[in-house]
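Dear colleague,

Please find the structure for your review below. My notes on the interface, the enclosed spaces and the backbone follow it.

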Amino acid sequence: MAVLSPDTLLLNWLFALPFCAALAAELFPRLALRTRSEREAQALARGPLPFGAVTCLMGLALSFRLLLTVSGDTKIAADYWWTRDLYHLRLGADSFSAVIVLAIYGLGLLIFVHMAGLPTADRAHHRAALLLTAQGCGIGVALSTDLILLVFLLHLMVLSLWSLVSLEAPREADRLLVTCHIGASLVLGSALLMWRQGGDTATAQLPLLLLSAGPSTLKLMALVALTGLLTIMPGVPGHGWLPRLARATPGTGLLSVTLLVLVATTVLLRILPGMLLLPTVPGLGSTSLVLGLVTLWWGAVRAWLDHDMRGRAAWLTVAQSGYLLIALAGAAGTTASPVFLEAASLHLMVTPLALLAIWLSTSAVLARVGTDSLAALSALFGQMPTAGLGLLAGGLSLAGVPPLAGFQVQRLLVSGALAGGNWALAVTLVLANALILFVVWDIFRRAFLRRELPPPVRPGTLALALPVSILVGALLLFGIWSQPLAQWSQLAAGSVLSLRPAP
Amino acid sequence: MTLHSLSIPLSSLVTVFFGAALLVVSTGLAVRTRTAVAGLGWVAVAGSAQAILALAAALRTPEGEALRAAAFQLLAVAAATALAALCSSKTGKTESEAGEPDGLATTGLVVAWLALLGLPPTIGFHSKIAICRALLAEDWTGWVALVLAASAACVWPALSALRSRRLPSLGRLRALCVLALIALTLLLGLYPEWGLLLAEHVARLAAPS
């Protein structure tokens, strides 16, 4: 009888924990009604939110353990029998996936604490269960070493987020589902093409097998995957669902979008550099560069033109996808510099922190003031200093302002462009950063500093302030003491380029 | 027409074009239709058209896995359509009399639509992949693109049906059947091996001796 090793057990538990917790969260009100009086059960209605936070805390502890286990050359792999001849349920962990799992649990913890602090938490058990399911799928995507399993979980994550957002804005949730379903179908198409080329859906052997593919086949696979993931990341032209969603929801559904962005970026980094070996794909670099520049500038300009905090946050989320595409373009050139792939890995770790800081601050303003229209907000800094600092730290980090963590990403991108003699790209990046800096400062000035009579503000709670404070601290800490983050990103970049763990 | 395509038997060629035409027409009608039941019906026809595409691949290469894929797809479409039909049928009560929408019927309809669209965690996801793999094995990349595009297009009728309908409560027997079909559709989605074995058995019966 086969015995599971502790490492494999850890891998299984990391994947299963959110799903078990989601089931418990969904059953929470019924269990409360069976064991408590109706009044007590009502008082416990928000219970699933702290329960979700505790689950994430457990996951965080396990993720640290996983990170320590795979920090060297050690990789964990688990191969299950899903179907005899079509595909296997393969999970595996390397440094890259360990960092992503850690990030998903960490972000989930902050989101749950924030949601627990919001004044209204209607249908808290549904929200907690769906958010945990989405987290579980994201973790599965990070740990998956089978293309079909990866697409299966990506689709399932989109469906969980659709259900979650449907609780607040059904029409916009449908737009999210339609767009992301098209995107995930394209990723599936690319995975099937890889299967035809490689003869197997395991990711472990694909890079070598794909080297036998012709240039046009490689180009087709890469472009189909890239186009599909652009809808989920979200980048131009697949970004339309996010700004509309931002306008329609009060914010809590949108917090989970940070997870979707993180997971889509993970898939992009995993599939493109890991499997197609970027420099071998003809035309990918120039396509990615054009898409990246258009996404960056379109997002930044639309953020400048928008009039409320949610809209600006949504367009800033779109803009950040541009940086990743530009980094990929740099890594895909014939004279590819490893700096660009390192920048992409670092971007993957830093940007979700910055985006979540912006979204949590926006959500806190909405919850305490009741509006996020910049015309109606003024002089909030005295009453909501944490939200102001969160917005400023997240936004300035996106713009690459030192000493925040985002500076390291921009430093790598600009230095990579200069090292390659691409002065125009370096100047364009600096100008885009300046525009994003202006947009963020404009929100901060109008909502938090403007000397007018402030709108009435509801009292805040520690649960609203704590996650933002942690994110501000993390962005500053990783910016000032950048050595560990740089090491992680180098490890992750190396891990992305190397083969996946052997089954 | 290339030399490669000339090697396709006429029966396979006719079947593949018939399947593709049926897929395009039924998907178009599903998107255009205004009633939920008609939309569901046309999407079920589109699902069967995908099985016809796989049959065309089986006619070309009988020893491949296309026949099994076709049987698997038909199993998925049959389970999903039966589930949707059971959830949609009225049990004597009107929707206004039924009051609150029935949770089980709504869940059943959602699962049925997910299976018809080929979305996880249902059997439809695996049958869609089996169909695509059977077509790719014949180098029919264009038809794979058509199958994926049809699956994407059918989301519109699915969403309009799910958003517009308030399903009345189900009778006890019907509720039991719905529960069993939901379990089957999800179980085969999470563990497709049993569905594949059944499809293989059916395909063996249909295969030329």
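A cavity, as the word is used here, is a set of grid points where a 1.4 Å probe fits but cannot get out, and its lining residues have an atom within 4 Å of a point. Please bear in mind throughout that this is a predicted model.

**Cavities**

The structure holds six cavities of 30 Å³ or more. The largest cavity has a volume of about 120 Å³. Its lining comprises 16 residues, and those nearest the centre are B:Q50, B:Q73, B:L116, B:L117 and B:G118. Two or more lining residues come from each of α3 (36-60), α4 (66-88), α6 and α7 of chain B. Of these helices, α3(B) gives the largest share, with four residues. By class, the lining of the largest cavity divides into eight nonpolar residues, seven polar and one charged.

The second largest cavity encloses about 70 Å³ of space. Both chains take part in its lining: chain A through A:L159, A:W162 and A:L177, and chain B through residues including B:V110, B:W113, B:L114 and B:L117. Further residues of chain B in this lining are B:L119, B:V155, B:A158, B:L159 and B:L162. At least two lining residues are supplied by each of α6 of chain A and α6 and α9 of chain B. The lining of the second largest cavity has 12 nonpolar residues, with no polar and no charged ones.

**Pockets**

The largest pocket holds about 2,200 Å³ of space. It is lined by 50 residues, and A:E26, A:L130, A:S163, B:T107 and B:V110 lie nearest its centre. B:V110 is thus named here and also in the lining of the second largest cavity. In chain A, the elements that supply at least two residues each to this pocket are α1 (6-35), β2 (89-93), α5 (124-143) and α6 (147-166). In chain B, the corresponding elements are α6 (103-117), α9 and α10. The lining of the largest pocket consists of 32 nonpolar, 10 polar and eight charged residues.

The second largest pocket has a volume of about 530 Å³. Among its 21 lining residues, A:L102, A:A103, A:G106, A:L353 and A:F478 lie nearest the centre. The elements giving two or more residues to this lining are α3 (48-69), α4 (95-117), α15 (338-369), α19 (462-480) and α20 (483-497) of chain A. The largest share, eight residues, comes from α4(A). The lining of the second largest pocket divides into 20 nonpolar residues, one polar and no charged.

**The interface of chain B and chain A**

The size of an interface is often given as the accessible area lost when the parts come together. Between chain B and chain A, the buried area is about 2,900 Å², and carbon and sulfur atoms give 70% of it. On the side of chain B, the residues that lose the most area to chain A are B:R133, B:L136 and B:R163, which together account for 22% of what that side buries. The contact involves 32 residues from chain B and 30 residues from chain A.

Which residues form the salt bridge between B:D139 and chain A, and how far apart are the closest N and O atoms? The partner of B:D139 is A:R196, and the closest N and O atoms are 2.9 Å apart. The rule finds one salt bridge across this interface. It also finds four residue pairs in polar contact there, with both residues at pLDDT 80 or more. The elements that give two or more residues to the side of chain B touching chain A are α7 (123-137), α8 (141-153), α9 (155-164), α10 (172-190) and α11 (193-206) of chain B. Of that side, α7(B) gives the largest share, seven residues. The residues on that side of chain B comprise 20 nonpolar, four polar and eight charged.

**Backbone features of chain A**

Two cis peptide bonds should be noted. The bond from A:M233 to A:P234 is cis, with omega near 0°, and A:P234 is found in the loop between α9 (215-232) and α10 (241-248) of chain A. The bond from A:P402 to A:P403 is also cis, with omega near 5°; A:P403 is found in the loop between α16 (385-398) and α17 (406-419) of chain A. In addition, A:A379 has a positive phi of about 45° although it is not a glycine. A:A379 is found in the loop between α15 and α16 of chain A.

With kind regards

Conventions. Residues are numbered from 1 along each chain as its sequence is written. Chains are lettered from A and ligands numbered from 1 in the order in which they are written. This is a predicted model: local features need pLDDT of at least 70, side-chain atom pairs count only at pLDDT 80 or more; totals for chains, interfaces and linings use all residues. Side-chain values use heavy atoms; hydrogens and water are left out. Contact means heavy atoms within 4.5 Å. Buried area is the accessible area (1.4 Å probe) that two parts lose on being put together, summed over both. A salt bridge is a side-chain nitrogen of Lys or Arg within 4 Å of a carboxyl oxygen of Asp or Glu. A polar contact is a pair of N or O atoms within 3.5 Å; within protein, one must be able to donate a hydrogen and the other to accept it, and residues adjacent in sequence count only if both atoms are side-chain atoms. Ala, Val, Leu, Ile, Met, Phe, Trp, Tyr, Cys and Pro count as nonpolar, Asp, Glu, Lys and Arg as charged, and the others, Gly among them, as polar. On a 1 Å grid over the protein atoms alone, a cavity is a set of points where a 1.4 Å probe fits but cannot get out, and a pocket is an open set with protein on both sides within 12 Å along at least five of seven lines; lining residues have an atom within 4 Å of a point. Grid points are joined across faces, edges and corners, and a volume is the space filled by probe spheres set on the points.
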